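Colleague: Could you help me learn to read a structure like this one? I would like to go feature by feature.

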Amino acid sequence: MNALIEENRSHPHLAALLAAYHLANQEAKGSPVADAAALPGAYRRETEDPAAAFAADTVLLATPAGADAPAGCVVLKAARDGAAPEVKRLWVAPGARRRGLARALVTEALRRARDAGAPLVRLTVWDRLPGPLALYRELGFRVVPSWDARPGLLCLEKPLADRIGMLAPRDVRAHAAGGLADLLVDAVDDGASVGFLAPLHPARAAAWWTSAAQETARGAREVWAAHGPDGALTGVVTLVRTAAPNGRHRGEVARLLVHRSARGRGLGRRLLAAAEAHAAATGLTLLVLDTQTGSPAERLYRGAGWTAAGTIPEYASDPAGTPRATTLYYKRLG
């Protein structure tokens with residue numbers, strides 16, 4: 001359904017939504033109370049002054065299409081003391097249920113947590129509530145060892161951050177015709193100058209990665225890939241080691257690619273940092289790269305402490321075949 005999702009911990013209807021949530025929760029626990037004034041102290045304070053109770057948190061409200069007031073709410077509790085942010089107080093008024101409001105609220109809370117850089121989100125749900133539990137499972141939450149010992153309370157988590165790891169040669173070969181080829185095709189389709197003209201056929205992209213797997217097997221190239229929470233490849237970077245005896249202190253960063261669907265959450269910076277850290281740990285003292293002058297990648301490299309060494313005009317053609325200038329960068333390690 002279409003619904004307006006807004007952030008507003010001071011909304012005049014929020015107190016009533018929270019009161020309804022807590023009253024229903026007390027009844028489900030076998031401890032019903034007559035009204036909000038009779039709620040336990042911590043819960044009562046939430047209904048009396050939501051803005052103060054959730055001053056450090058994100059409060060979202062959902063208003064159904066055509067309605068003039070919100071019919072649902074959720075709180076994304078801010079991360080505290082090293083713990084992950086937590087979804088709390090998910091409530092949809094009975095008359096507005098089965099219209100997608102709960103899903104829309106949790107989905108927006110997850111998006112905001114991901115954009116803030118949270119590696120995961122957690123929540124708790126009573127095992128006697130099959131509806132909410134089914135929704136959370138559909139959204140990718142999984143039951144984990146409990147951090148709350150109350151009987152019948154399930155603890156769930158959903159990973160948000162892309163996991164970055166080095167690929168062994170066999171892994172590069174395994175992903176060559178799938179996720180790695182998709183990343184290369186996506187980059188060329190987006191206009192990135194990465195050595196290919198458009199359109200790039202997936203088979204040709206797969207062939208390049210197959211050759212890269214051979215380089216990886218003989219130690220000439222190392223590959224790091226980012227895996228999204230669903231396991232799909234979302235980014236990649238490679239480090240090429242110099243074969244010349246007088247250049248073995250040096251490496252080249254190449255093919256830093258982030259899928260368009262995964263941009264805007266710092267993945268390129270994390271991939272670059274992984275390659276840099278490994279290079280330094282394995283004795284390299286200098287890294288170099290080149291990138292199309294004026295491309296968005298230049299901001300990434302400059303922000304990561306790379307130094308521009310110079311620009312070469314008409315160095316390589318972009319995917320459309322137009323010659324473009326390239327800027328050379330270097331970074332000293334250690």
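Colleague: Let's start with Gln26: is Gln26 buried or exposed?

Modeller: Keep in mind that this is a predicted model. To judge burial, look at the relative accessible area: under 20% counts as buried. Gln26 has a relative accessible area of 5%, so Gln26 is buried.

Colleague: Where is Gln26, and which residues is Gln26 in contact with?

Modeller: Gln26 sits in helix 1. Setting aside neighbours within four places in sequence, its contacts are Ser31, Pro32, Leu39, Pro40 and Tyr43. Tyr43 belongs to helix 2, and Gln26 is one of the helix 1 residues that meet helix 2.

Colleague: How do helix 1 and helix 2 run relative to each other?

Modeller: Here you compare the directions of the two axes, and angles over 145 degrees count as roughly antiparallel. The axes of helix 1 (residues 14-28) and helix 2 cross at roughly 155 degrees and come within 8 Å. The two helices are therefore roughly antiparallel to each other.

Colleague: Which residues meet there?

Modeller: From helix 1 come Ala15, Leu18, Ala19, His22 and Gln26, and from helix 2 come Tyr43, Glu46 and Thr47. Sorted by class, this contact has 4 nonpolar, 3 polar and 1 charged residues.

Colleague: Arg45 is also in helix 2. What does Arg45 touch?

Modeller: Arg45 touches Pro50 and Ala53, not counting residues up to four places away in sequence. It also helps to set sequence distance beside distance in space. Arg45 and Ala15 are 30 residues apart in sequence, and their C-alpha atoms are 9.9 Å apart.

Colleague: Let's try a helix with two sides. Which residues of helix 5 are buried, and which are exposed?

Modeller: Leu133, Leu135 and Tyr136 are buried in helix 5. They cover an arc of only 160 degrees around the axis, which puts them on the same side of the helix. Pro130 and Glu138, on the other side of helix 5, are exposed.

Colleague: What do the buried residues of helix 5 pack against?

Modeller: Their partners are strand 4, helix 4, strand 5 and strand 7 (153-159). Just after helix 5, look for Gly140, whose phi is positive, near 100 degrees.

Colleague: How many residues are in the largest nonpolar core?

Modeller: That core has 26 residues, and among those with the most contacts inside it are Leu90, Val106 and Tyr136. Elements giving two or more residues to this core include strand 2 (58-64), strand 4 (86-92) and helix 5 (130-138). Helix 4 gives the most, with 6 residues.

Colleague: Which residues is Leu90 in contact with?

Modeller: Leaving aside neighbours within four places in sequence, Leu90 is in contact with Tyr21, Cys73, Val74, Ala102, Leu105, Val106, Leu135 and Tyr136. A second, separate core has 24 residues, including Leu184, Leu200, Trp208 and Val223.

Colleague: Leu184 is in helix 7. How many residues of helix 7 are buried?

Modeller: In helix 7 (residues 179-189), 9 of the 11 residues are buried, so this helix is largely enclosed by the rest of the structure. Leu180, Leu184 and Val188 are among the buried residues.

Colleague: What covers the buried residues of helix 7?

Modeller: The cover includes strand 8 (163-167), helix 6 (169-175), helix 8 (202-217), strand 10 (233-241) and strand 11 (250-258). Helix 7 is followed by Gly191, which has a positive phi near 95 degrees.

Key:
Residues are numbered from 1 along each chain as its sequence is written. This is a predicted model: local features need pLDDT of at least 70, side-chain atom pairs count only at pLDDT 80 or more; totals for chains, interfaces and linings use all residues. Side-chain values use heavy atoms; hydrogens and water are left out. A nonpolar core is a set of buried Ala, Val, Leu, Ile, Met, Phe, Trp, Tyr and Cys residues joined through side-chain atoms within 4.5 Å. Buried means under 20% relative accessible area, exposed over 50%, partly exposed in between (1.4 Å probe, protein chains only). Helices (H or I, at least four residues) and strands (E, at least two) are DSSP runs, numbered from the N terminus. Contact means heavy atoms within 4.5 Å. Axes are lines fitted to C-alpha atoms, for helices over the stretch in contact, and angles run from 0 to 180 degrees between N-to-C directions. Angles under 35 degrees count as roughly parallel, over 145 as roughly antiparallel, 65 to 115 as roughly perpendicular and the rest as oblique. Ala, Val, Leu, Ile, Met, Phe, Trp, Tyr, Cys and Pro count as nonpolar, Asp, Glu, Lys and Arg as charged, and the others, Gly among them, as polar. The arc is that of the directions from the helix axis to the C-beta atoms.
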